[in-house]
Amino acid sequence: MKGRQRVAPIFLPHAGCPFRCVYCNQFLGTGGMGRLETDPVQYAAERLQEQAGWAQRAGETREIAFFGGTFTALPHDTIVRLLEMASYWVCRGVFAGIRFSTRPDAISEEVCDLLANFPVRTVELGVQSLSDPVLQQSRRGYGASVAAGAAQRVCRYGWKLGIQLMPGLPGDTHGRFLSSLEEAVDLKPDFLRLYPTLVLEGTALADWYLDGRYVPLTLEEAISWCAEAYEVLRLAGVALARAGLHGDVQRGGSRPVLAGPFHPAFGYLVRVRWWRNRVDTFLSLSSPNTRGKRLTLVVPAHRISEALGPGQSNPIHWRARWALREIRLRGVEKLGEHELEVRLE
Ligand code: SF4
């Protein structure tokens with residue numbers, strides 16, 4: 001599993017976007033950054049200066065991250081000016097490199113040739129799904145083959161690849177999500193982000209939801225799909241950089257999330273479910289009779305709260321499902337990230 005790179009974010013809401021996607025409203029939950037009313041270059045210059053100051057004071061070398069909007073669909077002279085400003089700090093060792101997020105249909109060979117002149121390290125593609133019906137019904141404006149081609153191009157240019165998927169988009173099903181995930185893994189990303197689709201205020205999806213044309217995933221479905229995905233990614237050695245939208249989305253507006261599987265600790269709940277599934281799978285494969293037995297689990301010390309779950313929900317589940325007499329859960333320092341030792345006696 002590859003390590004997590006910390007970033008110094010510069011948020012450019014909707015900058016460069018060819019149109020507003022049906023589910024997207026980046027003017028909500030911007031952590032106070034709000035609508036981008038100034039010229040993006042001037043705005044980014046000010047943020048870069050601030051981020052450079054923080055990085056120097058903290059003595060930490062992060063990647064400078066342009067996110068929000070569609071970075072590579074900005075006018076070329078804007079891209080060049082933003083990258084020149086960021087490169088200035090990278091060359092001085094203040095930042096480790098540059099990353100940005102963009103749409104898969106906005107990263108042509110020509111743009112890549114332009115980017116190759118700068119210390120770009122990571123490109124995050126808002127792929128969202130690799131199912132054509134889902135992409136069509138969500139009106140993304142490209143098909144799965146375009147998204148796959150963009151991912152391959154990013155790898156060919158030697159940049160780290162991040163892929164964002166949005167389970168629960170219009171037309172999505174459990175099967176389509178899992179196929180998308182497997183195709184995404186085949187593209188050999190360095191990391192993935194999972195953003196279960198939420199119905200945000202001021203979007204087309206909100207209208208579809210209100211007139212009954214769109215039904216979001218329940219929180220339970222989203223947790224269950226993402227926990228399955230976490231296991232697929234673990235087996236493939238791909239890091240899950242994030243699951244669930246940032247809690248900031250609920251700040252600042254009256255009720256920006258109208259519906260959908262929002263939870264401020266969504267990623268934690270996904271990992272709780274993953275530990276639950278893992279132990280269930282072990283018991284179903286290894287023991288024909290668990291009734292009245294004692295189950296001892298040893299997990300990495302820093303993962304113990306995930307293995308327990310909120311209110312000890314996992315031990316309660318295991319005891320009931322497997323008719324166990326007792327459950328002991330211990331955390332030890334020396335175990336690797338996902339290691340689990342199980343004893344049944
Ligand atoms: S999803 Fe991406 S491309 Fe679509 S409107 Fe939002 S930022 Fe722009």
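**View 1. Ala8 and Ile64 make a good starting point, since Ile64 in E2 is the bridge partner of Ala8.** The model shown here and in the views that follow is predicted. Strand E1 covers residues 7–11 and strand E2 covers residues 62–67; the two run parallel and are joined by five bridges. Follow Ile64 onward and you reach Ile98, its bridge partner in E3. E2 and strand E3, residues 95–102, are again paired in the parallel sense, over five bridges.

**View 2. Here we step back to the open sheet of seven strands, with parallel pairing.** Reading across, the order is E1-E2-E3-E4-E5-E6-E8. At the edges sit E1 and strand E8 (239–243), each of which pairs on one side only. From neighbour to neighbour, the strands of this sheet are turned by 20 degrees against each other on average, direction ignored. For a look inside the sheet, take E3 and strand E4 (residues 120–128), which pair in the parallel sense over five bridges. Within that pair, Phe100 stands opposite Val123 in E4. Helix H2 packs on the sheet and touches both E2 and E3, and its direction makes about 155 degrees with that of E3.

**View 3. Strand, helix, strand: E2, H2 and E3 together make a right-handed β-α-β unit.** To trace the unit yourself, start in E2 at residues 62–67, pass through helix H2 at residues 76–91, and finish in E3 at residues 95–102.

**View 4. This close-up is centred on the ligand and the residues that surround it.** The shell holds His14, Cys17, Arg20, Cys21, Cys24, Gln26, Gly69, Thr70, Arg103 and Gly126. What is the division of these residues into nonpolar, polar and charged? Three are nonpolar, five polar and two charged.

**View 5. A second open sheet has three strands, in the order E11-E10-E12.** Its pairing is mixed. Strand E11 (326–332) and strand E12 (341–344) are the edge strands, and each pairs on one side only. The twist from one strand to the next averages 15 degrees. Strand E10, residues 294–300, pairs with E12 in the antiparallel sense over four bridges. If you would like a landmark in this pair, find Val298, which stands opposite Glu341 in E12.

**View 6. Leu335 is found in the loop between E11 and E12.** Leaving aside neighbours within four places in sequence, Leu335 is in contact with Val298, Val299 and Pro300. Leu335 and Ala301 are 34 residues apart along the chain, and their C-alpha atoms are separated by 7.9 Å. Is Leu335 exposed, partly exposed or buried? Leu335 counts as partly exposed because it has 16 C-beta neighbours inside 10 Å.

**View 7. Lys188 and Ala323 are shown for their backbone angles.** Lys188 is not a glycine, yet it has a positive phi of about 60 degrees. Lys188 lies in the loop between helix H6 (174–186) and strand E6 (191–194). With 14 other C-beta atoms within 10 Å, Lys188 is partly exposed. Ala323 is not a glycine either, and its phi is positive at about 50 degrees. The loop that holds Ala323 runs between helix H11 (313–322) and E11. Ala323 has 12 C-beta neighbours inside 10 Å and therefore counts as exposed.

Technical notes. Residues numbered from 1 in each chain as written. Predicted model: local features only at pLDDT ≥ 70, side-chain atom pairs only at ≥ 80, totals over all residues. Pairing = 2+ DSSP bridges. Axes fitted to C-alpha atoms, helices over the stretch in contact; angles between N-to-C directions. Right-handed = clockwise from strand over helix to strand, strands pointing away. Near = placed C-beta within 6 Å. Nonpolar A, V, L, I, M, F, W, Y, C, P; charged D, E, K, R; others polar. Buried ≥ 20, exposed ≤ 12 C-beta atoms within 10 Å, placed from the backbone. Contact = placed C-beta atoms within 7 Å.
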